[in-house]
Number of protein chains: 4
Amino acid sequence: MMGEECGIFGIYGHKNAAELTYLGLYSLQHRGQESAGIVSGDGKTLRQHKGLGLVADVFSDPSTVKGLTGHLAVGHNRYSTTGSTLSVNVQPLLVNCKDGPLAIAHNGNLVNSAQLRRRMEQEGSLFQTTMDSEIIVHLVAKSQKPTELERIIEALGQVRGAYSVLLATRNEIIGARDPRGFRPFCLGKLGDAWIVTSESCALDIVGAHYVRDVEPGEVVVINKDGLRSIKPFESSKYSFCIFEYIYLSRPDSRIFGDNVDKTRRRLGRHLAIEHPAEADIVIAVPDSSNTAALGYSETSGLKFELGLIRNHYIGRTFIEPSQKIRELMVRIKFNPVSGVLKGKRVVVVEDSIVRGTTLRNLTRLIRQAGASEVHVRVSCPPLRFPCFYGIDFQTSRELIASSHTVEEIRKHLDVDTLGYLSLEGLLEATPGDGLNYCTACFEGNYSIRPEEDVSKLSLEKETAISI
Amino acid sequence: MMGEECGIFGIYGHKNAAELTYLGLYSLQHRGQESAGIVSGDGKTLRQHKGLGLVADVFSDPSTVKGLTGHLAVGHNRYSTTGSTLSVNVQPLLVNCKDGPLAIAHNGNLVNSAQLRRRMEQEGSLFQTTMDSEIIVHLVAKSQKPTELERIIEALGQVRGAYSVLLATRNEIIGARDPRGFRPFCLGKLGDAWIVTSESCALDIVGAHYVRDVEPGEVVVINKDGLRSIKPFESSKYSFCIFEYIYLSRPDSRIFGDNVDKTRRRLGRHLAIEHPAEADIVIAVPDSSNTAALGYSETSGLKFELGLIRNHYIGRTFIEPSQKIRELMVRIKFNPVSGVLKGKRVVVVEDSIVRGTTLRNLTRLIRQAGASEVHVRVSCPPLRFPCFYGIDFQTSRELIASSHTVEEIRKHLDVDTLGYLSLEGLLEATPGDGLNYCTACFEGNYSIRPEEDVSKLSLEKETAISI
Amino acid sequence: MMGEECGIFGIYGHKNAAELTYLGLYSLQHRGQESAGIVSGDGKTLRQHKGLGLVADVFSDPSTVKGLTGHLAVGHNRYSTTGSTLSVNVQPLLVNCKDGPLAIAHNGNLVNSAQLRRRMEQEGSLFQTTMDSEIIVHLVAKSQKPTELERIIEALGQVRGAYSVLLATRNEIIGARDPRGFRPFCLGKLGDAWIVTSESCALDIVGAHYVRDVEPGEVVVINKDGLRSIKPFESSKYSFCIFEYIYLSRPDSRIFGDNVDKTRRRLGRHLAIEHPAEADIVIAVPDSSNTAALGYSETSGLKFELGLIRNHYIGRTFIEPSQKIRELMVRIKFNPVSGVLKGKRVVVVEDSIVRGTTLRNLTRLIRQAGASEVHVRVSCPPLRFPCFYGIDFQTSRELIASSHTVEEIRKHLDVDTLGYLSLEGLLEATPGDGLNYCTACFEGNYSIRPEEDVSKLSLEKETAISI
Amino acid sequence: MMGEECGIFGIYGHKNAAELTYLGLYSLQHRGQESAGIVSGDGKTLRQHKGLGLVADVFSDPSTVKGLTGHLAVGHNRYSTTGSTLSVNVQPLLVNCKDGPLAIAHNGNLVNSAQLRRRMEQEGSLFQTTMDSEIIVHLVAKSQKPTELERIIEALGQVRGAYSVLLATRNEIIGARDPRGFRPFCLGKLGDAWIVTSESCALDIVGAHYVRDVEPGEVVVINKDGLRSIKPFESSKYSFCIFEYIYLSRPDSRIFGDNVDKTRRRLGRHLAIEHPAEADIVIAVPDSSNTAALGYSETSGLKFELGLIRNHYIGRTFIEPSQKIRELMVRIKFNPVSGVLKGKRVVVVEDSIVRGTTLRNLTRLIRQAGASEVHVRVSCPPLRFPCFYGIDFQTSRELIASSHTVEEIRKHLDVDTLGYLSLEGLLEATPGDGLNYCTACFEGNYSIRPEEDVSKLSLEKETAISI
């Protein structure tokens, strides 16, 4: 099943609902570049427009956003995983069931979707996508509860795993966050309009103010009567995704009640304390590691430098180059600044290492640009376990640290020293007492176990391929 | 619900299954220009490609057809109705249910789809399109019969109306035609491969030979064991759509067991006997009325002339012209040949009159080109009743003959005389004893009544709009 | 150099000049499908939009035609030759010279363009296209005559060959036809607006009336003072392209002062007298041979039938099919109607034979559809010599009749009999006394010899390739 | 006339010449995003592909680069000026003159192109674009010198202004830089292949090494005999564009013989000395001011922070938003990080101020994000005079500093303090003794005066508009 890193945005009570959603999706583009979509509603019907590509591409024709009339809207950005990009899998998903039209936009990953799907298929349901969100609306459609809201709550009560989810009917939008609160989800207000979205940066862009987070296990129903909060689920220990602080969220966002920027800075500071380096300068792998690198620089006293220039004009279609050319093309994304690096002992701060392939190429470029020593510092512990709750490393095989020691990874990267932030350091640097975070990718201590073999699922995923 | 004029093509047992389907869809393009799609299967999975536009447009990138590997394929062309072109409504529809992937391509129109949909929605099904074909696969998915084939048969047993339908699983294709046989459906062979398609012209284009029609009420199952015929439904009186002979099918096809060309010619002959004209020449509204006009010419002895040139280079996007320009643009499609028409008393043969708007403009052009008299002859009786079985006039309002006498229509067209072929003449001209045809559009004698108000349905159709 | 079959349309004095030009180009689409373009002027500036593809494709965005404001416009359709489609070669060509902007649209082919180009290159001119029209505007730019009109006339005085040409400045449009009048060119009026265009069918479509032909050697200058006719060139014997009557022009056009339809009909009549056939039916290769086939039918008394259905939905991009599929694909364009052909002795009327490849495939299909005998009748004499004046067979190698006898061609086509209309028959059937036509493609009697080796030219043509 | 900020790349002697040019253009994308093009040559012919958009867009189809065969290539990126994007103005420009095909790619701006064009138009030349590069090839074409190289040199001897230009014939590439050396231009080697390009970052990306700069006034001829250097022009005082160091070039490039990064850092240092601030943190307007801000931070001792996040996913097509939405949309490009800015006295380092509009919006956002004070520091002196040599501020009206004092600008920006780097500081910070730079945009001391009114030219520019 598929869920993964995504950005969602919903608004109720504004005459430019779709336009604001469009802006919100723009600011959440870092959470997903594979596809984008908006469903709007005017009380009578729901309208949708969605497609593969960036927000700017999918909505490049100005008339499309204008055509999405109505006072409520939900939107979705999807993460670009390699390989199977299914056009049927673009969200929001708009379906019709006994109550009429229903749209859903989901961020997260369910761990029992395969069982639910299999059960419902046995009972006669048919599926047109491979998305978790289709599971949820099927459960809603099948529920025999008397009201649509009760049906939605019953549906959510059956899914297990991570979800920050938005639903839209003709007359209201409903936001819900799983009881452990894996993924961020916050509430904002713009005049009388309510907004529910993944990160607070999407509130900023539309000029809305942050009100509070949607709480873990909370369901918010927003309609003409305003916002109503329901807590239908038993409370659980929280499992905030700590990787949001490390990498995924934008530094200007506030998530899980705290500033990303400040936390990410502290990661760099702790890293400097744990893994100092005899070096001349500190550089970041731009842009995601910039903030941690600044923290490292501050605490270590080593000068922060811009040693890598990132090319932001990279398109999505490349020539199939000859072998020689292919090697040259790794340089397109990052260009080392020789004037900065030459003859220097360089600390390279990276937020995390998955496979290590890109970082290996990058450190080689840094050396070729004249660095005399390369010291890699990683602002989180080794990633050793797959994530089942929405981050895109779903098997151990993808994770170099699942099968290699730190020293082996250092050799693989061919760098002078390698230091990872410790789990203790990570938890100290993040807000709170460290009890509320999911750290399963480092420790394997899954708060909710997936109920069956995930590899088997990924095969099923390929059953229906839309070219 | 939507079904309507479409072309379908399925093949089993050829290594170029998708390529041949592509060719077949080309030859069925006259049955639908709104969208096209192909699903192919290789025993393990089903792959699809589909989109809005002509076959040539949807498959303009050569790699798409090549990517549809496998030994079986089903394809679909859809008719372009005005207005709501829903991208979710492109067929074949590919879904997953308990047996795995299932694809469906449907030509025809069900009369109880609204009830079935409502019932299944109440039972917890959700719908993502407004197509009849989705109804059918939902019924398959919900069936508790032990085998997939039995589930398909049970599903088809519940739908009422017109269907020539193709289903594809990983390992076989299944063709089924409703017990009344409204829409044409024929079987062909190309080497060892079996083909099931709407018209025999699609067999010709791939070099296959016509074997026989799929019989009304017959289900054909084609897999590695060859073709197996099943007759699971009670036999009914046949209701072949007589409009296929009048207008829809290609003249080079063989449908309902007979040549379209020959029958269409006889329509013209009978028309000449019933409605002779004191005239100099006979012209057709090209291209669909050419054959009937030739028949009229033969029997009347009046010279057949090419008085109207049709412009085949008309694209699908037009400028929004000023009022003056708009009037000029009716001339883009047909250009009268003054040299042929000047000073002549002209018989214009038209296959049928729906609204009469185009014909009115056309006869005015013919007069302006110098015709001294214009005599319209229509090769079918007045269309007075909507069709519920797949032809695109679904309400009486669209039909000028539902509210106007022939004399009133003549005045509206502003022509000298107007003659419609009589129902008797029509039935005499068509093969067989006339008992096997559906003539409901002329007589209102629906063999299967739609079970509820259609106008109500068409409102629901708009519930989910995909821009 | 390149000129060839094209359609041109110019209008002065209408506030919707570009929109009417767009309509005019629609009706001239048969003269060229490779590219289309319009230049409009409002007295101050010239604006252009052009591109590769059909008129409907190039102007698919409604805003483009609307953006072409002004009271004058010239437009151009270009013929699609195989192979090198150069985007720089799209007309009209818009340049700036000392008088300001100048646009040109050209139909025809010059025979001394290579020499002129070489001379001007030696003198310091540079060329950005391979079009004859660029030669002409270079000559205009280089002329030292005192007025722009005199410069245009001096330029035209230096080119030799076939041209019906339209020029537009900020304030006027100028039409000119070479002294031999190879290509058709006519004048029409729509209210106060003047129109100059290739065929009268373009006048019909905009509701204008035909005034007269632009005379061979005439230059018409149209501006706020109305139309002014100049005859600056010595008079020559006329050389009307007889192939316009045989094939190129639309039957509803009036060219060279006469109806195409009537003349083309007479070709069929004379063909029937010269080459009768013991046969049952007459069919045409649609659509271009329809009219001649009707003439053949009338005179021979053999019944005219629609034995071939032409598929008009063929796009321009095809899959690269396997060998087996490639053979099947010839059937996409024409489908034989077995019901018509089976067991019949069939006369197939074709307007002309160039290579004979398509006709050979077609006659094979006709036989496969059941024809017992196939008799090909061609409504012109054997094409034995290349055309240097604008028809697309520029070398003898392309012409089967340049190296094969009629009997050899019959064998190649594998048909029972083959008859070509004689030159005498052709000239008798065309209006006038036969003295005014160019028949060089049949006789080799070129009225204007190209001054150097054409094969050498075609190499140069490839010097600059725009992909 | 048009020239302006562009990136050029030429290579001779590599079998993947076009592929490497494609990579080079990628790394020069920051110099121009409006259009891209490549001309390749194989000794016999030149081939081209070009179009509007980014390199990745124009060459999105892999087959296009592959089709550009041959061992030599020249490529061009063009800057996106607002408004008139003429498709005819895409470079390289490929023409044919007496020597055969000739391609040209130009970076810079000529000051006597209007006169040259007028003179040549009077002499009979015609122009199809509004580019300076067309002027140059016209001069080449008209030259009567005996060899092509001499003709090129004679042509360059007649143009005045800024040019770093690449020409390609069938057999060689020729690079030339104007005697004052306004624009950067450097030589590199990759194995036996020579490369000539705007910035050294394009050498890095293809793995070539920097050899030296093309010297001002130097012409380099590269063919099978290797590189030959010619100095045909009288030597002049150099006028290196100092704005390349301030803003235009990439920090990882080496231009005018020195590292951009190091120089730009020094600008920040000097700025800190000249304009210290009582503040808490230093932030940059990313990405172009990052390096200067680091320098400011180092010298001032104020902490460097990432206070603005730049959104790199912004597409080129926007919705036409309602007024309210338009205001919100300024936030799309830059998002302030409240956690960094809140309660802080902030120094904002910007590389330069043209109109001041964006900066004004940005400082307002910074204040809204909680900054208690905003101090703007600009790493160059006030821009008061237009640039005639290739930077995109061509009239005084565009420059706020041409009509406002620093204090007025401070008020306009609504910031607490505003400090510009002094001219002396700028010259001290740049390599050399400061005598070699063009500082006309600050001082108005144009080394080469444009010979006529530029505003008149810009009107002519609009004469021929291609939509």
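Which residues in α5(A) are buried? Let me start there. They are A:Asp132, A:Ser133, A:Glu134, A:Ile135, A:Ile136, A:Val137, A:His138, A:Leu139, A:Val140, A:Ala141 and A:Lys142. Helix α5 of chain A spans residues 132-142, and 11 of its 11 residues are buried. So far, so plain. One caution before I go on: this is a predicted model.

What does this helix pack against? The buried residues of α5(A) pack against two helices, α4 (113-122) and α6 (148-158) of chain A. They also pack against the strands β5 (93-97), β6 (100-110) and β7 (161-168) of chain A.

Now switch to chain D. Here helix α5, residues 132-142, lies across β5, β6 (100-110) and β7 (161-168) of chain D. Its direction is at about 135 degrees to β6(D).

Those strands belong to a sheet. It is open, it has 6 strands, and the pairing is antiparallel. Read across chain D, the order is β5-β6-β7-β8-β12-β13. The edges are β5 (93-97) and β13 (226-230) of chain D, and each of these pairs on one side only. On average, neighbouring strands of this sheet are turned by 20 degrees against each other, direction ignored.

Take one pair from that sheet. Strand β8 (residues 173-177) of chain D runs antiparallel to β12 (residues 219-223) of chain D, and 4 bridges join them. Want a landmark on screen? Find D:Ala176; its bridge partner in β12(D) is D:Val219.

Next stop, chain B. Which strand is largely enclosed by the rest of the structure, and why? It is β21 of chain B, residues 345-350, because 5 of its 6 residues are buried.

This strand has parallel pairings to look at. With strand β17 (residues 281-284) of chain B, β21(B) pairs in the parallel sense over 4 bridges. With strand β22 (residues 373-378) of chain B, β21(B) also runs parallel, and 6 bridges join the two. B:Val346 is a good residue to follow. B:Val346 is the bridge partner of B:Ile281. In β22(B), the bridge partner of B:Val346 is B:Val374. There is a helix to add: β21(B), α13 (residues 357-368) of chain B and β22(B) make a right-handed β-α-β unit.

Some backbone details now. In chain B, a cis peptide bond joins B:Pro286 and B:Asp287, with omega about -10 degrees. B:Asp287 sits in the loop between β17 and α10 (290-300) of chain B. Chain A has a cis peptide bond too, joining A:Pro286 and A:Asp287, with omega about -10 degrees. A:Asp287 is in the loop between β17 (281-284) and α10 (290-300) of chain A.

Then there is B:Asp414. Phi of B:Asp414 is near 60 degrees, a positive value in a residue other than glycine. Where is B:Asp414? In the loop between α14 (406-413) and β23 (417-420) of chain B. Buried or exposed? B:Asp414 is exposed, with 11 other C-beta atoms within 10 Å. Over in chain C, phi of C:Asp414 is near 60 degrees. C:Asp414 lies in the loop between α14 (406-413) and β23 (417-420) of chain C. C:Asp414 is exposed as well, with 11 other C-beta atoms within 10 Å.

Last part: how the chains meet. Start with chains C and B. The contact takes 54 residues from chain C and 54 residues from chain B. On the chain C side, the classes are 27 nonpolar, 17 polar and 10 charged residues. A turn of 180 degrees and a shift of 0.0 Å along the axis lay chain C on chain B, with an RMSD of 0.0 Å. That is the relation of a two-fold axis. The same surface serves both copies, since 100% of the contact residues of chain C recur in chain B. Which residue of chain C comes closest to the rotation axis? C:His312, at 3.2 Å by its C-alpha.

Chains D and A also touch. Here the contact takes 54 residues from chain D and 54 residues from chain A. The chain D side divides into 27 nonpolar, 17 polar and 10 charged. Chain D can be laid on chain A by a turn of 180 degrees and a shift of 0.1 Å along the axis, with an RMSD of 0.1 Å. Of the residues of chain D, D:His312 comes closest to the rotation axis, at 3.2 Å (C-alpha).

And where is there no contact? No contact joins chain A and chain C; their closest C-alpha atoms lie 12 Å apart. No contact joins chain B and chain D either, and their closest C-alpha atoms lie 12 Å apart.

Conventions
Residues are numbered from 1 along each chain as its sequence is written. Chains are lettered from A and ligands numbered from 1 in the order in which they are written. This is a predicted model: local features need pLDDT of at least 70, side-chain atom pairs count only at pLDDT 80 or more; totals for chains, interfaces and linings use all residues. Two residues are in contact if their C-beta atoms, placed from the backbone, lie within 7 Å. Ala, Val, Leu, Ile, Met, Phe, Trp, Tyr, Cys and Pro count as nonpolar, Asp, Glu, Lys and Arg as charged, and the others, Gly among them, as polar. Two strands pair if DSSP finds at least two bridges between them. Axes are lines fitted to C-alpha atoms, for helices over the stretch in contact, and angles run from 0 to 180 degrees between N-to-C directions. A residue is buried if 20 or more other C-beta atoms lie within 10 Å of its own, exposed if 12 or fewer, and partly exposed in between; C-beta atoms are placed from the backbone. Copies are superposed by least squares on the C-alpha atoms of residues with pLDDT of at least 70 in both. A crossover is right-handed if, with the strands pointing away from the viewer, the path from the first strand over the helix to the second runs clockwise.
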